[in-house]
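I want to know what this chain looks like in a few chosen places. These are my notes, in the order in which I looked things up.

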Amino acid sequence: MFNLTGDILTPTGWLQGSMTITGTQVTQIRGTPISEEMVMRRDELKFIPGFIDLHVHGGAGVDLMSGGDSLAHIARHQIKHGTTSFLATSMTAPLPELEQVLTGIKQHLSQTIDKDQAEVLGVHLEGPYINPGRLGAQPAWTRDIVLAEILHLNDITPIRVLTLAPECVGDRHLIEHLTQMGIRVQIGHSHGSYEDGVNALKHGVSGFTHLFNAMTPLHHREPGMVGAALAHANYAELIPDLLHVHPGAIHVALRAIPHLYCVTDGTAATGMPDGMYMLGSQEVNKCLGGVRLKDGTLAGSTLTMIDALRNLHSIGLSVAEASQRLSALPAQYLGLHDRGHLTEQAIADIVVIDQDLHLHTVYTRGEAHA
Ligand SMILES: [Zn+2]
């Protein structure tokens with residue numbers, strides 16, 4: 001048991017006080033309310049919930065699709081940037097390759113979590129059931145969606161999030177079926193119309209994958225998939241590296257979508273020097289803070305969650321709101337009640353930051369990583 005003293009971000013605002021950690025849990029929080037303005041003026045440590053990233057392909061030179069112990073390596077890298085839980089996200093690939101990657105994830109999940117690793121919450125299957133006309137940086141291994149195939153993949157290891165293009169789904173009742181299985185179905189890499197989006201939402205689609213990127217844009221006479229999201233979505237993920245989406249468009253999305261949350265779409269190039277890296281089966285170039293295919297298409301990002309916090313703050317969000325978009329809302333989206341917030345009984349996944357929003361320490365399940 002130990003205490004942490006400083007400024008603590010709780011679901012009802014900042015407290016100046018202390019927090020008791022017993023084992024892997026927060027067991028007590030005491031303090032007096034304090035405004036964020038005051039918090040940012042004080043030279044005290046600040047405690048916010050660990051980040052939860054629902055879209056991670058790789059990190060520190062390693063791509064999930066390369067198999068082996070890649071996931072353990074990626075999980076260790078996440079902690080260095082404040083991410084305490086994440087979804088291992090696959091790329092579009094031939095079926096045997098997906099089976100192999102999912103088997104690797106299953107093995108990882110069957111082991112007890114190493115204290116130096118962020119927790120893997122499961123799989124985000126990004127493709128292969130996407131539109132070949134909106135690949136973005138996904139390789140061209142797209143396939144027609146078949147329920148039996150998803151059931152088979154889900155049997156290997158449960159799929160938490162599935163990104164698909166609804167206009168490529170012949171029978172929209174399939175989306176209802178996936179939703180009933182507990183899979184969050186998201187629209188992404190889609191060439192679909194506004195109507196396709198609205199219709200898919202009616203059949204149980206619950207989110208949008210990297211909103212604005214790799215989907216039909218909004219035009220006032222043809223509102224596209226972006227229009228469907230802005231008009232009707234409750235949840236959507238967005239990459240706030242300020243390269244994938246203009247700050248103005250981020251503000252539009254924040255006004256329109258109540259539970260907008262942020263992801264990194266992080267790749268092997270994250271945390272590495274400029275150079276060539278693999279993203280699934282494709283070679284990508286990291287340069288000038290971005291990762292691109294040979295033709296210049298953005299190919300995932302090198303964003304980290306702590307950078308995301310600073311980016312959101314730099315475009316005008318309070319630290320409390322930015323934190324919510326990086327921790328509480330992604331947890332809520334997956335239906336996880338034990339994390340994403342600093343409350344009594346929550347898992348002690350904590351990010352400690354200083355006044356400049358730089359990372360000081362990260363706690364995972366009550367253990368410190370300097
Ligand atoms: Zn991705």
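**Entry 1: the hairpins.** I began with strand 15 (residues 275-279) and strand 16 (residues 282-287), which pair in the antiparallel sense over five bridges. I noted that the model is a predicted one, where local features need pLDDT of at least 70 and side-chain atom pairs count only at pLDDT 80 or more, while totals for chains, interfaces and linings use all residues. Residues are numbered from 1 along each chain as its sequence is written, and side-chain values use heavy atoms, with hydrogens and water left out. Helices (H or I, at least four residues) and strands (E, at least two) are DSSP runs, numbered from the N terminus. Two strands pair if DSSP finds at least two bridges between them.

I looked up one bridge: Met 278 has Glu 283 of strand 16 as its partner. Strand 15 and strand 16 form a hairpin with two residues between them, and Gly 280 in the turn has a positive phi of about 60°.

Next I followed strand 16 to strand 17 (residues 290-292); these run antiparallel and are joined by three bridges. In strand 17, Val 291 is the bridge partner of Lys 286, and Arg 292 is that of Asn 285. This is a hairpin too, with two residues between the strands, and Leu 288 in its turn has a positive phi of about 55°.

**Entry 2: the sheet.** Which order do the strands of the open sheet have? I found three strands in the order 15-16-17, with antiparallel pairing. Strand 15 and strand 17 stand at the edges with a single partner strand each, so one side of each has no neighbour in the sheet. The twist averages 35° from one strand to the next.

**Entry 3: two helices.** Helix 3 (residues 95-110) and helix 4 (residues 147-156) pack at about 25°, with axes 8 Å apart. The axes are lines fitted to C-alpha atoms, for helices over the stretch in contact, and angles run from 0 to 180 degrees between N-to-C directions. The two helices are therefore roughly parallel (angles under 35 degrees count as such, over 145 as roughly antiparallel, 65 to 115 as roughly perpendicular and the rest as oblique).

Contact means heavy atoms within 4.5 Å. Helix 3 makes it with residues including Leu 98 and Leu 102, and helix 4 with residues including His 152 and Leu 153. I sorted the contact residues into five nonpolar, two polar and three charged. Ala, Val, Leu, Ile, Met, Phe, Trp, Tyr, Cys and Pro count as nonpolar, Asp, Glu, Lys and Arg as charged, and the others, Gly among them, as polar.

**Entry 4: empty space.** On a 1 Å grid over the protein atoms alone, a cavity is a set of points where a 1.4 Å probe fits but cannot get out; a pocket is an open set with protein on both sides within 12 Å along at least five of seven lines, and lining residues have an atom within 4 Å of a point. Grid points are joined across faces, edges and corners, and a volume is the space filled by probe spheres set on the points.

The largest pocket has a volume of about 270 Å³. Its lining has 18 residues, and helix 10 supplies the largest share, six residues.

I counted three cavities of 30 Å³ or more. The largest holds about 80 Å³, and its lining divides into three nonpolar, 10 polar and one charged. The second largest has about 60 Å³. Helix 3 gives the most to the lining of this second cavity, with four residues.
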